[in-house]
Amino acid sequence: AGGTANRIGGVTPAERNIISGNGFGVQIPTMTDGNFITGNFIGTQPDGVTPLRNTTAGVFLFGGGFTTVGGSTGVSTGSCTGVCNVISGNRVGIITTEGATGNLIQGNFIGPGVNGEPVGNVDAGIRMGTKSTANDVSGSGDARNIIAYNDGPGVVILGDTSIGNFLGFNSIHSNEGLGIDIVRSGTVPDGPNENDDLDLDQGANGLQNHPVVTQALSTNVQLTAELQNGEPEREFTAFFFSNTACDPSGLGEGETPLGAASATTDSDGNTTFELDLPAPLAAGTIETATVATFTEESSSEFSPCLVVDATNATPTPVPTGTTTATPTAAPTATPDATSGHWGDILCDGEVGVEDVTAGLSSVAEVPGPDAVDCPEIGNTFNVQPSSGSNEKWGDTDCDGTIEAEDFLSLLLFV
């Protein structure tokens, strides 16, 4: 303890360390401040892809303050170069705890391999534990962190004393858990938090209420989000993202940063954020947002997903409990008349939104309505007797699997 301004690594391959196969890869203890961890492979073999696990964490900031992990010098999003660290293949990528404060985590690959390959960490990408305060996990442009392919949440924050942790622009996607999981109580990721009136609840990052993206049209060059029942008369910044898929919880992740907008809540805790875009969004992409308080910088979990609508109608949020990908075209095949309508999941002689809901519920393993005289979704069912084929009931795109895409295609059809 007590060492300051040390540098582990550098900006060139010759300065790189391979820090793998340990308990902790790099440990920064209490009273060891202002250090730099740059340009290393932490948790992989020298190829930057093959895991060689650090069994507790790749980087462990135990009370250390004002350490920079990564940075912005020479980094790119296509491959991990310059000061970028590959922090993948570990049990947890980065842990902060017990007074870790003022640390900057920027421009790293946390889960991807050196060229973006899916490697992952066994648990969370970043775990911010007790007394983690005022840490900055963000970067603009190429200096954002890519936090992906982890078997737990992208980022998990826990403990009532963990406040002011800022998650601005990162690329967070393809994690098994939530993109951002702010734990209400305990030490185990607990899934999406519900917003509360005037945001009076207490917990990690103040259990900051998340925003809701309310309008995303392919005909417009503006995104709109709302924060409702937040802390009154306070300035917030909303960070908008575009995604190719939605988390199964219905809350999103944040794959591609789009921009930020600030606004102040009224006396009821409500406000609207409007982000002007350089060009319209593609129909079918999935938009999300987070908010952070302007002064404390406590970031929220991601908002629910919203699919960009190709019409001028207000779009409908993605139902909670579904996995979403960019919709494919509605199927063109038509079954024999004796088999009912293609996509008529409820077997009521019509194809409608209720069929979409029933199908999505089945994919998410959420109990849905029972249909009389209709096979269970996923069972073999002869939809085209004349062709002799036995497709799975609900497989509207005929690729042999029952997925959310089948019912999003159906939603476009109806």
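How many disulfides does the structure hold? There are two, and both will be met again below, after the strands and aromatic rings that surround this account have been described. The model is a predicted one.

A suitable place to begin is strand β9, which spans residues 92-97. This strand is mostly covered, since six of its six residues are buried. Strand β9 has pairing partners in β6 and in β12. With strand β6, residues 57-62, β9 runs parallel, and five bridges join the two. One point of contact can be named exactly: Ala-57 has Val-92 of β9 as its bridge partner. With strand β12, residues 126-128, the pairing is again in the parallel sense, here over three bridges. In this case Ile-94 is matched with Ile-126 of β12. In general, the strands of a sheet are held in pairs by backbone hydrogen bonds, and the pairing may be parallel or antiparallel.

The antiparallel sense appears further along the chain. Strand β18, residues 212-216, pairs in this way with strand β19, residues 222-227, over four bridges. The connection between β18 and β19 is a hairpin of five residues. Across this pairing, Val-213 stands opposite Ala-225 in β19. Strand β19 also runs antiparallel to strand β23, residues 271-276, and six bridges join them. Here Leu-223 of the pairing faces Leu-275, which stands opposite in β23.

A further group of strands forms an open sheet. Four strands take part, in the order β22-β20-β24-β25, and their pairing is antiparallel. Which strands stand at the edges? They are β22 (256-264) and β25 (306-307); each has a single partner strand, and therefore one side of each lacks a neighbour in the sheet. Within the sheet, eight bridges connect β20 and β22 in the antiparallel sense. Among the matched residues is Phe-239, whose bridge partner in β22 is Ala-260. As a general rule, side chains in a regular strand point in alternation to the two faces of the sheet.

Phe-239 leads to the aromatic rings. The structure has six aromatic pairs. One of them joins Phe-60 and Phe-62: the ring centres are 5.6 Å apart and the planes meet at 40°, so the pair is tilted. The two residues of this pair differ in their exposure. Phe-60 has 11% relative accessibility and therefore counts as buried, whereas Phe-62, at 32%, counts as partly exposed. Another pair, formed by Phe-166 and Phe-239, is edge-to-face, with 5.7 Å from centre to centre and 65° between the planes. This pair links distant parts of the chain, 73 residues apart: Phe-166 lies in the loop between β15 (155-157) and β16 (171-173), and Phe-239 lies in strand β20 (residues 235-243). Are these two rings' residues buried or exposed? Phe-166 counts as buried because its relative accessibility is 14%, and Phe-239 counts as buried because its value is 8%. Both residues belong to one aromatic cluster, formed by Phe-166, Phe-169, Phe-239, Phe-241 and Phe-302.

A ring may also lie beneath a charge. The charged end of Arg-7 sits over the ring of Phe-36, at 4.8 Å from the centre of that ring.

The account now returns to the disulfides. A disulfide is, in general, a covalent bond that connects the sulfur atoms of two cysteines. Cys-80 and Cys-84 form one such link, with their sulfur atoms 2.0 Å apart. The angle about its S-S bond is -105°, and the link is left-handed. Cys-80 counts as buried because its relative accessibility is 4%, and Cys-84 counts as buried because its value is 2%.

The other disulfide is formed by Cys-246 and Cys-305, whose sulfur atoms are 2.0 Å apart. What is the handedness of this link? The torsion about its S-S bond is about 95°, so the disulfide is right-handed. The pair links distant parts of the chain, 59 residues apart: Cys-246 belongs to strand β21 (residues 245-246), and Cys-305 to the loop between β24 (286-293) and β25. Both Cys-246 and Cys-305 are buried.

Definitions and conventions
Residues numbered from 1 in each chain as written. Predicted model: local features only at pLDDT ≥ 70, side-chain atom pairs only at ≥ 80, totals over all residues. Heavy atoms only, no water. Buried < 20%, exposed > 50% of the residue type's maximum accessible area, 1.4 Å probe, protein only. Pairing = 2+ DSSP bridges. Phe/Tyr/Trp six-rings, centres within 6.5 Å; stacked < 30°, edge-to-face > 60°. Lys NZ or Arg CZ within 6 Å of the ring centre and 35° of its normal. Disulfide = S-S within 2.5 Å.
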